[in-house]
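The following exercises are to be worked through with the sequence and the coordinates at hand. Each task is followed by a solution in steps.

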Amino acid sequence: MSKLDNKKFMVCCANGAGSSLMMKMTLQKVLDKNGIKPASIHHCALSEGKSAAINQDIVFCARNFKNTFADAEKKGVTVIGLKNIMSAPEMEQALKDADLLD
């Protein structure tokens, strides 16, 4: 069992339309590749994500939006900023760098 099993993930983009849905699909590929079964993967706009992040375990967003989630981070949510939000290798490496993936 992975330490990421049953975790709640959220991916955020500026408007919550196309990019966050694509991020969700990319994250699902990374999790599937590593045999991880998440409790949920939610995609949304930053406006929703800012308040919803507190109820998540891990949040992915573009690097320039990472500070939006400072309050959630203070409460223990792992927030990961990505340079390329569509990059599966970058997502996977970010999880490893955060010591969440072996």
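**Exercise 1. The Glu73–Lys66 pair**

Is Lys66 buried, partly exposed or exposed, judged by its relative accessibility? Determine next how Glu73 is classed, and state what joins the two side chains.

Solution. The model is a predicted one.
Step 1. Lys66 has a relative accessibility of 26%. Buried means under 20% and exposed means over 50%, so Lys66 counts as partly exposed.
Step 2. The value for Glu73 is 33%, and therefore Glu73 counts as partly exposed.
Step 3. The side chains of Lys66 and Glu73 meet in a salt bridge, with 3.0 Å from N to O.

**Exercise 2. A pair between two helices**

How many salt bridges does the structure hold? Describe the one formed by Glu92 and Lys33, giving its distance and the place of each residue.

Solution.
Step 1. The structure holds three salt bridges.
Step 2. In one of them, the side chains of Glu92 and Lys33 meet at 2.9 Å, N to O.
Step 3. Glu92 lies in helix 4 and Lys33 in helix 1 (residues 18-33); the pair is 59 residues apart and links distant parts of the chain.
Step 4. The accessibility of each partner is then assigned. Glu92 has a relative accessible area of 10% and is therefore buried. Lys33, at 62%, is exposed.

**Exercise 3. A pair between two end segments**

Which residue forms a salt bridge with Lys3? Locate both partners, classify the exposure of Lys3 and of its partner, and state the separation of their C-alpha atoms.

Solution.
Step 1. The partner of Lys3 is Asp99, and the closest N and O atoms are 4.0 Å apart. The salt-bridge criterion is a nitrogen-to-oxygen distance within 4 Å.
Step 2. Lys3 belongs to the segment before strand 1, whereas Asp99 belongs to the segment after helix 4; these distant parts of the chain are linked by a pair 96 residues apart.
Step 3. The C-alpha atoms of Lys3 and Asp99 are separated by 9.8 Å.
Step 4. Lys3 has a relative accessible area of 42%, so Lys3 is partly exposed. Asp99 has 53% and is therefore exposed.

**Exercise 4. Positive phi values**

What is the approximate phi of Asp99, and what is that of Asn6? Place each residue relative to helix 4 (88-97) or strand 1 (8-13), and classify the exposure of Asn6.

Solution.
Step 1. Asp99 has a positive phi of about 60°, although Asp99 is not a glycine. Its place is in the segment after helix 4 (88-97).
Step 2. The phi of Asn6, also a residue other than glycine, is near 65° and thus positive. Asn6 is located in the segment before strand 1 (8-13).
Step 3. The relative accessibility of Asn6 is 52%, so Asn6 counts as exposed.

**Exercise 5. A loop residue and its contacts**

Where is Gln56 found, is Gln56 buried or exposed, and which residues does Gln56 touch beyond four places away in sequence?

Solution.
Step 1. Gln56 is found in the loop between helix 2 (46-52) and strand 3 (58-62).
Step 2. With a relative accessibility of 12%, Gln56 counts as buried.
Step 3. Leaving aside residues up to four places away in sequence, Gln56 touches Lys8, Phe9, Met10 and Val77.

How values were computed. Residues numbered from 1 in each chain as written. Predicted model: local features only at pLDDT ≥ 70, side-chain atom pairs only at ≥ 80, totals over all residues. Heavy atoms only, no water. Helix = DSSP H or I, 4+ residues; strand = E, 2+ residues; numbered from the N terminus. Buried < 20%, exposed > 50% of the residue type's maximum accessible area, 1.4 Å probe, protein only. Contact = heavy atoms within 4.5 Å.
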